[in-house]
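These are my notebook entries on a single chain. I set down what I looked up, entry by entry.

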Amino acid sequence: MTFSIKLLLHNPSIEAGLLSKNFNCCLWKNNSTRSFHIQLKNKLFPAISTHIHCSTAAVPIMAEEKRKSLFDANEAGILVKELRRQFGSGKTKTYEWREAQIKSLSQMIDDREKEIIEALHEDLCKPEFEGFVAEIAMIKSSCKLALRDLKQWMKPEKVKTSLTTYPSSAEIVSEPLGVVLVISAWNYPFLLSLDPVIGAIAAGNAVVLKPSEIAPATSSLLAKLLQEYVDSTLIKVVEGAVDETSALLEQKWDKIFYTGSGRVGKIIMAAAAKHLTPVVLELGGKCPVVVDSNVNLQVAARRIIAGKWSCNSGQTCTAADYVITTKDFAPQLIAALRSELDKFFGKDHMESKDMSRVVNSYHFTRLMKLMEEDGVSDKIVLGGKTNAMQLKIAPTVLLDAPEDSLLMTEEIFGPLLPIVTVEKIEDSFEVIKSKPKPLAAYLFTNNEKLKTEFIKDISAGGMLINDTILHLTVSTLPFGGVGESGMGYYHGKFSFEAFSHKKAVMYRSFEGDSSIRYPPYTSKKLNLLKALMSGSIFRIILGFIQWLKQ
């Protein structure tokens, strides 16, 4: 049977983020392998082979008849207006409403864990263990913490006042911002959708969640489950791609929380600026790992692997993007990585069931371009195997790729790990500082002086000494970027604060009203005011005596 279909290729060179191509073809679907074969019927695309085999999870397909967006700017405006009306009822400001929603989210995870794991596997081929540890367990932990501490977070914070306002008292009241938008990413589509939503609910906001269309199974599941488990009059899910996101961004929000690329982050920020809407941007960058020669090499290698290839095959914003070590130590590090990779994933890493695949064909092609660039492909010292049909790339290590190569200038976001060598480990600081500030920076060393200098000299969203990734699991630490790696932060109480306004409140009675603040102004009043501001008890007493004599 011959069809006319539209193939959507994700392409970051287009501002909208999508590039459409039309062609006539024959299509055979294999339901057992969740894949399809395409046979081109013309020569419009000579660069593409006659037969293509694709995973249905990798490439979205739509009928050629132009899809009319069911959610346009008008629909988005109606949605926001209704949410504002519901928010105005004051229901979200109560502890009881917030507690009930978070309890329902926790129950949802317990009830539907199997479906969540299946969706993550369909979107990214995530192993069950990884899906549970890196996504489900993290959300359960966020729910548990919020339920335990929410009353304390909501309490007004008493603060001191000054002599100039005596008698008085003051406090800081956390109030919800209003109606907020959360736009999540595809690499951890469950975690990065619900974690900020929990913070927004805890702070008492109405929320719209826009999951990533690049993880369609998880997006669809989230839409279904949230409709079923939480208050759908105040917590909404909008599915879709660029059209739907653009419609949402045309609206006025009280805060926008975005996780994703810096390129799209600029679009989000520009849209928010039209309404003076504050934003949290969780972006990424090239996260460095500095490895000194005085470390436990086996442990260091295992922890680098765990934070790179065991975490979504390197498709993680805080994954090691490149390693810096000395020329003399590099061969030992490569040997250790090879040995530990074999222990983790077997001799043929491509056959391992414990590693995710690349999310789709666009990102697979992008990674291949990084690896096959002139001057880079001959730098591979470990791995390099690929399988386009399965969207898999083996853990690949490259040694001293050219500094101006795409591999060393763009965020990799995949299973490629370049190693940069320097003469002295201290030289690594200049390598890092020559690039934009990263979301995370890692150092492996037993040298206390080097640790101190690294923390003092290197600016990054977060740091971890002698490990990778794990700082994200500590709820008492803020998670966020700096410079081009993002702005704002969340996790734990910081999530509550990200979606709250800190309202300053002062209380005074009608007693103790002093004429010093009122005209007519005199030199004695001015002297007393200066004495009060100085904080000197002697000057204050003297000032009062002079003022009382007037």
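The entries below go from the whole chain to individual residues.

**Entry 1: the model and its confidence**

I began by noting that this is a predicted model. I looked up the confidence next and found an average pLDDT of 88 for the chain, with 87% of the residues scoring at least 70. I then turned to the N-terminal stretch: over residues 1-68 the pLDDT stays under 50. For that stretch I recorded 127 contacts beyond four places in sequence in the model.

**Entry 2: the chain as a whole**

I looked up the secondary structure, which comes to 16 helices and 25 strands. The chain has 550 residues, and I noted that 50% of them are buried. For its surface I wrote down an exposed area of about 26400 Å², of which carbon and sulfur atoms supply 56%. I also checked how contacts spread along the sequence. Of those between residues at least 6 apart, 67% join residues at least 24 apart.

**Entry 3: helix α6**

I asked how many of the eight residues of helix α6 are buried. The count is six, and I therefore entered the helix, residues 242-249, as mostly covered. The buried residues in α6 are V242, E244, T245, A247, L248 and L249.

**Entry 4: aromatic pairs**

I searched the whole structure for aromatic pairs and obtained eight. One of them joins F257 and Y490, with 4.8 Å centre to centre and 80 degrees between the planes, an edge-to-face arrangement. Why does this pair tie together parts that are far apart in sequence, 233 residues by count? The reason is in the placement: F257 lies in strand β11 (residues 255-259) and Y490 in strand β24 (residues 489-490). I then looked up the accessibility of both partners. F257 has a relative accessibility of 1% and counts as buried; Y490, at 2%, is buried as well.

I next examined the pair formed by F344 and F345, which is also edge-to-face, with 6.0 Å between the centres and 80 degrees between the planes. Here I asked whether F344 is buried or partly exposed. At 25% relative accessibility, F344 counts as partly exposed, because the buried class ends at 20%. F345, with a relative accessible area of 6%, is buried.

I returned to F257 and Y490 to see whether other rings join them. Together with F479 and F499 they form one aromatic cluster.

**Entry 5: charges over rings**

I looked for lysine side chains placed over aromatic rings and entered two cases. The charged end of K151 sits over the ring of Y95, at 5.0 Å from the ring centre. K435 lies over the face of Y322, where the distance to the ring centre is 5.6 Å.

**Entry 6: K451**

I then followed one lysine in detail. K451 is in helix α13, residues 448-457. Is K451 buried or exposed? Its relative accessible area is 16%, so I entered K451 as buried. I looked up the partner of its side chain and found a polar contact with the side chain of E448, at 3.0 Å. Leaving aside residues up to four places away in sequence, K451 touches L443, T445, N446, I465 and N466.

**Entry 7: cis peptide bonds**

I checked omega and entered two cis peptide bonds. One joins Y166 and P167, with omega at about -5 degrees. P167 has its place in the loop between β6 (157-159) and β7 (169-176). The other runs from P519 to P520, and its omega is near 5 degrees. P520 is in the loop between β25 (500-507) and α15 (523-534).

**Entry 8: positive phi**

My last check was of backbone phi. Although F413 is not a glycine, its phi is positive, at about 55 degrees. I located F413 in the loop between α11 (406-409) and β19 (416-422). With a relative accessible area of 16%, F413 is buried.

H491 also has a positive phi without being a glycine, and I wrote down a value of about 95 degrees. Where does H491 lie? It is in the loop between β24 and α14 (493-498). At 9% relative accessibility, H491 counts as buried.

Methods. Residues are numbered from 1 along each chain as its sequence is written. Side-chain values use heavy atoms; hydrogens and water are left out. Rings of Phe, Tyr and Trp (its six-membered ring) pair if their centres lie within 6.5 Å; planes under 30 degrees apart count as stacked, over 60 as edge-to-face and the rest as tilted. Helices (H or I, at least four residues) and strands (E, at least two) are DSSP runs, numbered from the N terminus. Buried means under 20% relative accessible area, exposed over 50%, partly exposed in between (1.4 Å probe, protein chains only). A charge sits over a ring if NZ of Lys or CZ of Arg is within 6 Å of the ring centre and within 35 degrees of the ring normal. pLDDT is the predictor's confidence in each residue, from 0 to 100. Contact means heavy atoms within 4.5 Å. A polar contact is a pair of N or O atoms within 3.5 Å; within protein, one must be able to donate a hydrogen and the other to accept it, and residues adjacent in sequence count only if both atoms are side-chain atoms. Accessible areas come from the Shrake-Rupley method with a 1.4 Å probe; for residues, only the protein chains shown count as cover.
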